[in-house]
Amino acid sequence: MKLEKGVVSNTQLIFLIMSFMQSMIMTVGFNYPLTKQDTWIAALAAFGLTLLMVLVYTSIAKKFAGLNLVQINDEVFGVYFGKVITALYIWFFFQLIIHYLYFFNSFWITYIMPETPRFAFLAMAVFICAFSIRSGIEVVSRCYVLLYAAVLVMVIGVTLLLIKDANPSNLLPILQSTPKDFIQSTHIFLTIAFCDIVVFLMIFPYTADNQNLKKPVLIAVCFSALFLLMVIFREILVGGARIYSSNTPNFALSREIDIAVILTRLDILVALNLFITVIMKITIFFYATSLSIAQTLKLKSYQPLLIPLGALCVTIAINLYPSDMEQFYAGQFIWPFNAGLMEIVIPIITLIVIAIRKLPKKGELSK
Amino acid sequence: MIMLILLYVVLVLIEVPGFVRKKRWRELTVFSVLIILAFVIGVFQIKHIDIPNPVRDTQYFVKSLFPFGYD
């Protein structure tokens, strides 16, 4: 029994991963207070570690081609303990939906529409996500190419408009941050920006060519990292010390654009940008959550879960934190550990168990 | 409060007749459990009763399992 009938081609997979990782340019704000002008070095270090993790994910996916994360857990850890790991993953994906919803919602309410009740944005965002995955991952992957192009144009446009204000001396002094701050910043980049792609273990089995996943995933991660570096350099070079305390540096910077007093107030572009990127991210997590619940409970399809899950997301995300600063604190000090457990520790343990048990056993996968 | 009940009635009416017609009792059970959970949390929030937020608190719990931290 297969829950998802759509097929994603490998080119679409590249765009799907790139649009999924796009929201990393919005969460850079967690890193600036720690490493300031050395943030780009931390990003590079995290990128290097991510390449290793990508190899881990793709080799798991290649060993069990055609099986998604839930089935892999059942095969590797046995039926009962595998269910425990699966439950942890479902809860992890669900937490990510809630955190991104709250992040996007608090930004939008603080800067753009302060009078609107919190419920309104959450309900609309969840509705868009649920509606788009109702028709399956194939449709999502096809139409998100367009949204990705829109985000790309916006980010590159803002960069080009800001380039005249760049001040190279903002990069100095180099390597001033303490080792502890540097490690923490790398950890944040690794868990929040990059290694979220563990969720694609739910999508890899629905790709057209799931024997050669390494190439498309690596291409997508490299392009995303290049993009992230561009944004970080832009923010450090143009903003300098002014943006290190802002929790939305991207937005703060776009208010600086001033081309002959005509082209000003482009900040709404960045706000739209954030909206699109977060929607793309939530959609994938929503899909993974509903698909893995349906798979675990042996339902016939995942569509019936979308409405109740959406309602649950809205009610929990409405007052996740008492204030935005607490989310900022949690993003820096609490979440990296929580995510590191699910994104780094458990996949590595999975790979070790696969090696010890010499899985997959011959003839077992074909059934 | 009335708006909340109306909203959930609409949500239930969208999906449940389909399950009953196709005799999908398993889906109906999962649907009901999740939607009742969402409804109860919603009622608590409208009445301003403070309940611990599960998503916020589990991350602090997981963090407390690690022997080291950055603070």
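Is A:Thr248 buried or exposed, and what is its relative accessibility? In this predicted model, A:Thr248 counts as buried because its relative accessibility is 9%, which falls under the 20% limit for that class. The residue lies in the loop of chain A that runs between α9 (214–239) and α10 (249–254). Beyond the residues up to four places away in sequence, A:Thr248 touches A:Phe107 and A:Tyr111.

A second buried hydroxyl residue of chain A, A:Ser141, has a relative accessible area of 1%. A:Ser141 belongs to helix α7 (residues 137–162) of chain A. Its side chain reaches the backbone oxygen of A:Glu138 at 2.8 Å. When residues up to four places away in sequence are set aside, A:Ser141 touches A:Val8, A:Gln12 and A:Leu16.

A:Glu138 also takes part in a salt bridge, in which its side chain meets that of A:Arg142 at an N to O distance of 3.0 Å. The two residues are separated by about one helical turn, because they stand 4 residues apart in helix α7 of chain A. Both fall in the intermediate class of accessibility: A:Arg142 counts as partly exposed at 47%, and A:Glu138 is partly exposed with a relative accessible area of 26%.

Over all chains, the count comes to 8 salt bridges. Among them is the pair formed by A:Asp196 and A:Lys281, whose closest N and O atoms are 3.2 Å apart. This pair links distant parts of the chain, with the two positions 85 residues apart in sequence: A:Asp196 is in the loop between α8 (179–194) and α9 of chain A, whereas A:Lys281 is in helix α11 (residues 267–296) of chain A. A:Asp196 and A:Lys281 are both buried. Another salt bridge joins A:Arg234 to A:Glu235, with the closest N and O atoms 4.0 Å apart. These two residues, A:Arg234 and A:Glu235, are likewise buried.

The loop between α8 and α9 of chain A also holds A:Ala208. A:Ala208 is exposed, since its relative accessible area of 53% is over the 50% limit. A:Ala208 and A:Ile197 are 11 residues apart in sequence, and their C-alpha atoms are 18 Å apart in space. Apart from its neighbours within four places in sequence, A:Ala208 is in contact with A:Val7, A:Val8, A:Ser9 and A:Asn10. A:Val8 is thus a contact of A:Ala208 and is also touched by A:Ser141 of helix α7.

Attention now turns to the interface of the two chains. Chain B and chain A bury about 3,300 Å² between them, and 69% of this area is on carbon and sulfur atoms. B:Val55, B:Gln59 and B:Tyr70 supply 25% of the area that chain B buries against chain A, more than any other three residues. The contact takes 41 residues from chain A and 32 residues from chain B.

Polar interactions accompany this contact. Between chain B and chain A there are 15 residue pairs in polar contact, counted where both residues have pLDDT 80 or more. The elements giving two or more residues to the side of chain B that touches chain A are α1, α2 (25–46) and α3 (54–65) of chain B. Of that side, the largest share comes from α2(B), with 11 residues. The count of salt bridges between chain B and chain A is 1. In this salt bridge, A:Arg134 is paired with B:Glu15, the closest N and O atoms being 3.4 Å apart.

Chain B further presents a nonpolar surface patch of about 800 Å². The patch is made by B:Met1, B:Ile2, B:Met3, B:Ile5, B:Leu6, B:Val9, B:Leu13 and B:Ile46. Helix α1 (residues 2–22) of chain B gives the most to this patch, with 6 residues. B:Leu13, one of the residues that make the patch, is placed in helix α1 of chain B. With a relative accessible area of 57%, B:Leu13 is exposed, and so lies over the 30% accessibility required of patch residues. Helix α1 of chain B therefore contributes both to the nonpolar patch and to the side of chain B that touches chain A.

Notes:
Residues numbered from 1 in each chain as written. Chains lettered and ligands numbered in written order. Predicted model: local features only at pLDDT ≥ 70, side-chain atom pairs only at ≥ 80, totals over all residues. Heavy atoms only, no water. Patch = residues over 30% accessible without salt bridge, like charges linked within 9 Å, V, L, I, M, F, W, Y side chains within 5 Å. Areas by Shrake-Rupley, 256 points an atom, 1.4 Å probe, with all protein chains shown as cover. Buried < 20%, exposed > 50% of the residue type's maximum accessible area, 1.4 Å probe, protein only. Contact = heavy atoms within 4.5 Å. Buried area = accessible area lost by both parts, 1.4 Å probe. Polar contact = N/O pair within 3.5 Å; in protein donor to acceptor, adjacent residues only side chain to side chain.
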